[in-house]
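Trainee: Could we go through this structure together, one question at a time, so that I can learn how to reason from it?

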Amino acid sequence: MNAEVKTYEGLLDAKGMRFAIVCARFNEFFVSHLLGGAVDCLLRHGAAKKDIETAWVPGSFEIPLVAKRFATCGKFDAVIALGVVIQGSTAHASYVNAEVSKGLAQVSVESGIPVIYGVVTTENIDQAIERSGCKAGNRGSSAAETAIEMASLLRQLP
Ligand code: DLZ
């Protein structure tokens with residue numbers, strides 16, 4: 001980083017920030033673990049419980065609509081989307097993934113609020129176990145960390 005130019009960088013300090021989390025009920029066992037990781041991360045970085053709200057939708061396909069409502073209501077610094085899409089024998093998962101990633105990017109850019117993609121896409125249940133914190137890393141937690149950093153960055157930008 002060049003110390004001579006003005007540089008903006010988000011901090012990992014969630015104190016006073018408000019977060020909305022949208023969770024897909026499909027593959028709920030894994031998504032609950034992602035949610036636990038996300039909330040834990042937000043609290044550890046200084047967010048207050050009263051400043052975290054969640055909504056459950058039937059499946060990942062439905063996440064963008066609710067993320068949009070949260071992002072545009074003026075109440076939250078960031079929105080975190082959590083879901084688990086497991087590739088099956090049909091192309092269904094690919095369609096769901098494409099719509100969710102496109103939808104969330106659009107909501108984020110249009111609303112000006114960070115909307116963080118915490119949807120885990122896996123080829124099988126073993127990968128879902130690994131990535132949802134049942135074994136090691138928790139993608140919900142890393143999505144929450146990204147949300148804090150982006151919310152902090154946006155608070156600083158002109
Ligand atoms: C239908 C479906 C399938 C086959 N797989 C998943 C999945 O792995 N993860 C997920 O979050 N949702 C899945 N869904 C449900 C869709 O996201 C959506 O809820 C339905 O198609 C109804 O619009």
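Mentor: The questions below turn first to the ligand and its surroundings, and then to one residue in a helix.

Trainee: Which strand gives the largest share of the shell around the ligand?

Mentor: Bear in mind that this is a predicted model. The residues around the ligand include Val84, Val85 and Ile86, and strand E3 covers residues 78–86. With three residues, the largest share of the shell comes from strand E3.

Trainee: How many residues of the shell around the ligand are charged?

Mentor: Among the residues around the ligand are Phe26, Asn27, Ser60, Glu62 and His92, and here Glu counts as charged, whereas residues outside the nonpolar and charged groups count as polar. By class, the shell has five nonpolar residues and four polar ones, and the number of charged residues is one.

Trainee: How far is an oxygen atom of the ligand from an N or O atom in the side chain of Glu62?

Mentor: A polar contact requires a pair of N or O atoms within 3.5 Å. A polar backbone atom of Gly59 is 3.4 Å from an oxygen atom of the ligand, while a nitrogen atom of the ligand has a backbone N or O atom of Val84 at 2.8 Å. For the side chain of Glu62, the distance to an oxygen atom of the ligand is 2.5 Å.

Trainee: Is Ser152 buried or exposed?

Mentor: Ser152 belongs to helix H5, residues 139–156, and, leaving aside residues up to four places away in sequence, it touches Gly10, Leu11 and Met17. Because its relative accessible area is 7%, and the cut-off is under 20%, Ser152 is buried.

Technical notes. Residues numbered from 1 in each chain as written. Predicted model: local features only at pLDDT ≥ 70, side-chain atom pairs only at ≥ 80, totals over all residues. Heavy atoms only, no water. Near = heavy atom within 4 Å. Polar contact = N/O pair within 3.5 Å; in protein donor to acceptor, adjacent residues only side chain to side chain. Helix = DSSP H or I, 4+ residues; strand = E, 2+ residues; numbered from the N terminus. Buried < 20%, exposed > 50% of the residue type's maximum accessible area, 1.4 Å probe, protein only. Contact = heavy atoms within 4.5 Å.
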